[in-house]
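Hi,

Here is the model I said I would pass on. Have a look at it first, and then read my notes below.

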Amino acid sequence: EVFECDEDSPYKPCGLDVWACGVILLEMLCGLHYFDGMLGWKQPKGAVLPPKADLVNFFSNHDNLSRALRDRRGHVEHPLEELLHGVLVVDPDVRWDSTRLVECAWLRLR
């Protein structure tokens with residue numbers, strides 16, 4: 001998103017922050033570099049720009065994330081799965097915003 005912004009499509013840092021929170025939460029729940037592994041990346045990308053096509057292909061199918069979570073954690077609470085599906089959306093216009101994130105059921109359970 002950062003590298004694709006221009007005058008017609010300005011950079012929106014809040015959406016990217018929500019995405020980053022989702023990646024961090026996934027890593028906390030499933031282990032370091034799990035995100036890279038579920039996308040089939042052989043080594044952590046680090047500072048290298050990840051292929052957008054990998055992200056779009058994986059996250060465009062709602063079942064991929066659900067399956068990856070169950071494979072790693074077994075049972076996943078519906079509110080947690082809903083949260084991750086809301087924040088790990090490649091399209092920033094569809095991704096949850098920070099207001100929706102803090103109102104989600106999983107965070108209220110904590």
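One cut-off before anything else: a residue counts as buried when its relative accessible area is under 20%. Phenylalanine 59 comes out at 13% relative accessibility, so it is on the buried side of that line. Bear in mind throughout that this is a predicted model.

**The overall picture**

The protein chain has seven helices and zero strands, so going along from the N terminus you just read α-α-α-α-α-α-α. There are 110 residues in the chain, and buried ones make up 36% of them. If you take the contacts with a separation of 6 or more, 49% are between residues 24 or more positions apart.

**The core**

The largest nonpolar core has 27 residues. The members that touch the most others are Leu26, Phe35, Met38, Phe59, Leu83, Leu84 and Leu88. At least two core residues come from each of helix 1 (13–30), helix 2 (34–38), helix 3 (52–59), helix 4 (62–73) and helix 5 (78–87). Helix 1 gives the largest share, with six residues.

**The aromatic residues**

This is where I would start looking. The structure holds four aromatic pairs. One of them joins tryptophan 19 and phenylalanine 35 edge-to-face, with 6.2 Å centre to centre and 90° between the planes. Tryptophan 19 sits in helix 1 and phenylalanine 35 in helix 2, so this pair ties together parts that are 16 residues apart in sequence. Both partners are buried: tryptophan 19 has a relative accessible area of 13%, and phenylalanine 35 has 7%.

Phenylalanine 35 also pairs with phenylalanine 59, and here the arrangement is stacked, because the ring centres are 5.9 Å apart and the planes are at 25°. That pair links distant parts of the chain too, with phenylalanine 35 in helix 2, phenylalanine 59 in helix 3, and their positions 24 residues apart. Put the ring pairs together and you get a cluster of Trp19, Phe35, Phe58 and Phe59.

What else does phenylalanine 35 contact, once its neighbours within four places in sequence are left aside? The full list is Trp19, Val23, Leu26, Glu27, Trp41, Leu55 and Phe59.

**Helix 3**

Leu55, Phe58 and Phe59 are buried in helix 3. Looking down the axis of helix 3, these buried residues fall within an arc of 80°, so they line one face of the helix. As a reminder, an α-helix has 3.6 residues a turn, so residues three or four places apart point the same way. What covers the buried residues of helix 3 includes helix 1, helix 2 and helix 4.

**Helix 5 and its polar contacts**

Helix 5 is another one to click through. Eight of its ten residues are buried, so helix 5 is largely enclosed by the rest of the structure. Those eight are Pro79, Leu80, Glu81, Leu83, Leu84, His85, Gly86 and Val87. They pack against helix 1, helix 4, helix 6 (98–102) and helix 7 (105–109).

You will have spotted a glutamate and a histidine in that list. Histidine 85, which is found in helix 5, counts as buried at 14% relative accessibility. Its side chain makes a polar contact of 3.1 Å with the side chain of histidine 62. Not counting residues up to four places away in sequence, histidine 85 touches His62, Leu65 and Ser66.

Serine 66 belongs to helix 4 and is buried as well, at 4% relative accessibility. Which residues does serine 66 contact beyond its neighbours within four places in sequence? They are Glu81 and His85. With glutamate 81 there is a polar contact between the side chains, at 2.3 Å.

**One last spot**

Arginine 100 lies over the face of tryptophan 96, and the distance to the ring centre is 4.0 Å.

Shout if you would like to go through any of this together.

Cheers

Terms used. Residues are numbered from 1 along each chain as its sequence is written. This is a predicted model: local features need pLDDT of at least 70, side-chain atom pairs count only at pLDDT 80 or more; totals for chains, interfaces and linings use all residues. Side-chain values use heavy atoms; hydrogens and water are left out. A nonpolar core is a set of buried Ala, Val, Leu, Ile, Met, Phe, Trp, Tyr and Cys residues joined through side-chain atoms within 4.5 Å. Buried means under 20% relative accessible area, exposed over 50%, partly exposed in between (1.4 Å probe, protein chains only). Helices (H or I, at least four residues) and strands (E, at least two) are DSSP runs, numbered from the N terminus. Contact means heavy atoms within 4.5 Å. The arc is that of the directions from the helix axis to the C-beta atoms. A polar contact is a pair of N or O atoms within 3.5 Å; within protein, one must be able to donate a hydrogen and the other to accept it, and residues adjacent in sequence count only if both atoms are side-chain atoms. Rings of Phe, Tyr and Trp (its six-membered ring) pair if their centres lie within 6.5 Å; planes under 30 degrees apart count as stacked, over 60 as edge-to-face and the rest as tilted. A charge sits over a ring if NZ of Lys or CZ of Arg is within 6 Å of the ring centre and within 35 degrees of the ring normal.
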